[in-house]
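The following report is meant for someone meeting this structure for the first time. It moves from the chains as wholes to a few helix contacts and single residues.

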Amino acid sequence: MNDMDELLRRDGAQWRATATSVPRVDWAALPGRRDARRFASSWLMVTVAGATAAVVVVLAVLAPSWIGRGATGHKPLPAPAHQPTPGGVQTGPASFVALTDAGITLVNARTGDSYGGSVTESGRHATTLAGSNDGNLAYATFTHPKCEVAVDRQRWMTPYNAEGTQAATISGAKADGIAVSPDGHLLAISVVPCGKNTSVDDLVVVNLDTHQQRRWTGYPDVSFLSALQWAPDNETLSYVVNPCCGGGTDNPRLLDTSAPGTSYVKPKPLAVDVSRIGSGLVLWYGGQFAVVQGTEIHALSKAGVVGAVLAKGLPADVVSVDTDSTGLHLLLVTSQNRLFRYDAGTLTPLPRNWIDASW
Amino acid sequence: MTADAGDAHAVGDFREWVQPHLLAMARLATRLTSADDSDDVVQEALVRAWRRRESYDASRGSAQSWLLAIVADRCRRHRTRARHPEPAELLDIASAPASDVDRSLDIERAMSRLSRRQRLAVELHYYVGLSVAEAAAVMRCSEGTVKSTLSDARKRLLPALQEVS
């Protein structure tokens, strides 16, 4: 995955080296006279604001340490808080499922060693993954070229041997994210419908016993869902709505999937604005609703009030969190696709990078 | 000052204000539409920026992020009108070594598998060259959201790249 980052950086730099033409602009086509008068009166304000912005930029370049990041705006990667101890972590789940280039594998969660062996058909690549919290099952989504999401269920007979069956299909969509309920009966999948000129995510909940599907739809404009997680009650789903590109701010929502209705934006946004917090992740930690705030996990009331610190010492650039059935053992993936486990205050880096991982 | 002279003066100020960001605007327009359509999209974006310039608030973001957000919006509308589902080929084949051409074409094809927001994040960060913070300002979402979107995009690109190559 770091290779992909490097590949894109190289390709981008090469492309920018060839794309150096400033566009031809017809400046005379811009104004009407009414516009010009209004602009002339507001120009002083814009100039002052621009000068202020310029001073801020200069300060940011000259003294990056003042604001805790480099001149490019990237936060420095955190140093691992702990190195793996010989024998590995001795608490929490013993294994997790992980997505690799070759497929899905079971991983020893004490040592980070893969048990090896892909359990997906060759030529198909899973895009998202959710484990059943007990190391026995994994659900992975595949998007077919004809735009159909297939959800495969992998059951491990031994750590080295799994059997696959198809759990569900969702037609006319591409998969974005997946979460399995703690009791293992429900799958929540955020999907992008194909064929529409939109990137709005729909939310689909699949009952794995009856194979019935319920679908929630959302905003008419660009937005998407992230950080899908089930609450311990197996009915409430938390997620973050990201009104990307169209204004507004990220905000977490709670959806009661047992209630009637098909609009996932019907629940009111919580008062907390997670875009200010920075990481934009909500989770269920130790059975309660919580939010990642920098390197800490804080309690979050259902009214959106950020409360006490529940846990400390997380990496600073976490982009996804997966909690086990107790809600106290976390798998954390950073923006550089580095994987950590977090157990009651102990952060342990796991030795390999995985595309995705789940208890 | 006459009205015409006032126009010219105001446009001159606006031009001076926009000029440092024209290249970034053109790059984003090229990435999200095509080299042929880029000038038109930038022109449309500038007309819109001119008309909405009073809504610009420096406390909410830089001029560049405001202008690039308008370009991204114009690109979306342009593709809708022109029924161009995906941006056209972007590589300057004549000036690039053959292996680079192949690699870039593969990446281009793989990027067609990304969702719109993932593509926008990748284009802004890797191809226009914005930092995560700057890309977040353009996309009007948090830095964390941009990071996770980029992470998801890289995850999706890897198998797609293997398939197309």
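## Two chains and a few local details

Among contacts in chain B that link residues at least 6 apart in sequence, 65% join residues at least 24 apart. The model is predicted, and every value below is computed from it. For chain A, with contacts likewise taken between residues at least 6 apart in sequence, the share that joins residues at least 24 apart is 41%.

The chains can be set side by side in a table.

| Chain | Residues | Helices and strands | Buried share | Accessible surface | Carbon and sulfur share of surface |
|---|---|---|---|---|---|
| Chain A | 359 residues | 3 helices, 22 strands | 50% of residues | about 16,000 Å² | 54% of surface |
| Chain B | 165 residues | 8 helices, 0 strands | 63% of residues | about 6,500 Å² | 47% of surface |

Read from its N terminus, chain B has the element order α-α-α-α-α-α-α-α, and two of the contacts between its helices are described here, both of them involving helix 6.

In the contact with helix 7 of chain B (residues 132-139), the axis of helix 6 of chain B (residues 116-127) comes within 9 Å of its partner and crosses at roughly 135 degrees. An angle over 145 degrees would count as roughly antiparallel and one of 65 to 115 degrees as roughly perpendicular, so helix 6 of chain B and helix 7 of chain B are oblique to each other. Their crossing is right-handed. On the side of helix 6 of chain B the residues involved are R117(B), L120(B), A121(B), L124(B) and H125(B), and these meet V132(B), A135(B), V138(B) and M139(B) of helix 7 of chain B. Sorted by class, this contact of helix 6 with helix 7 of chain B holds 7 nonpolar, 1 polar and 1 charged residues.

Helix 2 of chain B (residues 22-32) also packs with helix 6 of chain B, at an angle of about 140 degrees and with the axes 10 Å apart. That angle makes helix 2 of chain B oblique to helix 6 of chain B. The crossing of helix 2 and helix 6 of chain B is right-handed. Here L28(B), R31(B) and L32(B) of helix 2 of chain B meet R119(B), L120(B), E123(B), L124(B) and Y127(B) of helix 6 of chain B, and the residues of this contact divide into 5 nonpolar, no polar and 3 charged.

Helix 7 of chain B also contains A137(B), a residue that counts as partly exposed because its relative accessibility is 34%. A137(B) and G61(B) stand 76 residues apart in sequence, yet their C-alpha atoms are 6.4 Å apart in space.

In chain A, two loop residues deserve a closer look for their backbone angles. N234(A) belongs to the loop between strand 11 (224-230) and strand 12 (236-242) of chain A, and its phi is near 65 degrees, a positive value in a residue other than glycine. A344(A), in the loop between strand 20 (339-343) and strand 21 (346-349) of chain A, likewise has a positive phi without being glycine, with a value near 45 degrees. Which of the terms buried and exposed applies to N234(A) at 18% relative accessibility? Since buried means under 20% relative accessible area, N234(A) counts as buried, whereas A344(A), with a relative accessible area of 70%, is exposed.

Methods. Residues numbered from 1 in each chain as written. Chains lettered and ligands numbered in written order. Predicted model: local features only at pLDDT ≥ 70, side-chain atom pairs only at ≥ 80, totals over all residues. Heavy atoms only, no water. Helix = DSSP H or I, 4+ residues; strand = E, 2+ residues; numbered from the N terminus. Buried < 20%, exposed > 50% of the residue type's maximum accessible area, 1.4 Å probe, protein only. Contact = heavy atoms within 4.5 Å. Areas by Shrake-Rupley, 256 points an atom, 1.4 Å probe, with all protein chains shown as cover. Axes fitted to C-alpha atoms, helices over the stretch in contact; angles between N-to-C directions. Parallel < 35°, antiparallel > 145°, perpendicular 65-115°, else oblique. Left-handed = near helix turned anticlockwise from the far one by under 90°. Nonpolar A, V, L, I, M, F, W, Y, C, P; charged D, E, K, R; others polar.
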